[in-house]
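Thanks for making the time, everyone. I would like to walk you through one model this morning, so please have the sequence and the structure open while I talk.

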Amino acid sequence: MKDINESTIFIRRSIRSFIKEKKVEPEKIEILLRAAMQAPSACNKQPWEFLVLDDENVIDSIAPIDKHYVLAAKAPLVIFVLGNEKTSYKGENGKPWYPQDLSASIENMLLQAVELGLGAV
């Protein structure tokens, strides 16, 4: 058994420095997406959609949209996780639960990135 301090959940870090020239292999992208889709979701509605960007020009074009996207311009891969309100479970108050579902999905991707030797934030 691994030492607890070597477990993926304990060694995950937010990485903000990337090697833009080094592309993420398609196999690894598929594994990241499959890990994201393994997340639990309210009533198993799975209201997530993924927009995968690996074209440098496209990634560079999104950086000016928001101050938080500047980091994207430094990365070789960007995955937008989008919530589909139409397919999301809605609670008794009518509010969709997709924010919680997407959060679980993103956490799975972040943990899987560690397993694949990728930096992620």
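Let me start with helix H4, keeping in mind throughout that this is a predicted model. The residues of H4 that are buried are Asp101, Leu102, Ser105, Met109, Leu110, Leu111 and Ala113, and what covers them includes two helices, H1 at 8-11 and H2 at 26-37, together with strands E1 at 48-53 and E2 at 78-83. H4 itself runs over residues 98-115, which is 18 residues, and from its first C-alpha to its last it reaches 26 Å, close to the 26 Å expected at 1.5 Å a residue. Just after H4 comes Gly117, which takes a positive phi of about 75°.

Now to the aromatic side chains, where the structure holds two aromatic pairs. In one of them Tyr69 and Phe80 meet edge-to-face, with 5.7 Å from centre to centre and 75° between the planes; Tyr69 sits in the loop between helix H3 (56-62) and E2, whereas Phe80 lies in strand E2, 11 residues apart. Tyr69 is partly exposed, at a relative accessible area of 29%.

The other pair is Tyr89 with Trp97, whose ring centres are 5.0 Å apart and whose planes stand at 85°, so this pair is edge-to-face. Tyr89 counts as partly exposed at 26% relative accessibility, and Trp97 is partly exposed too, with a relative accessible area of 39%.

Finally, on annotation, an unreviewed UniProt entry places the feature "domain: Nitroreductase" at residues 12-65. Over that stretch the model is 35% helix and 11% strand, with the end C-alpha atoms 28 Å apart.

Definitions and conventions. Residues are numbered from 1 along each chain as its sequence is written. This is a predicted model: local features need pLDDT of at least 70, side-chain atom pairs count only at pLDDT 80 or more; totals for chains, interfaces and linings use all residues. Side-chain values use heavy atoms; hydrogens and water are left out. UniProt positions are given in the numbering used here, feature names are shortened, and annotations may be inferred rather than shown by experiment. Helices (H or I, at least four residues) and strands (E, at least two) are DSSP runs, numbered from the N terminus. The expected span of a helix is 1.5 Å times one less than its number of residues. Buried means under 20% relative accessible area, exposed over 50%, partly exposed in between (1.4 Å probe, protein chains only). Contact means heavy atoms within 4.5 Å. Rings of Phe, Tyr and Trp (its six-membered ring) pair if their centres lie within 6.5 Å; planes under 30 degrees apart count as stacked, over 60 as edge-to-face and the rest as tilted.
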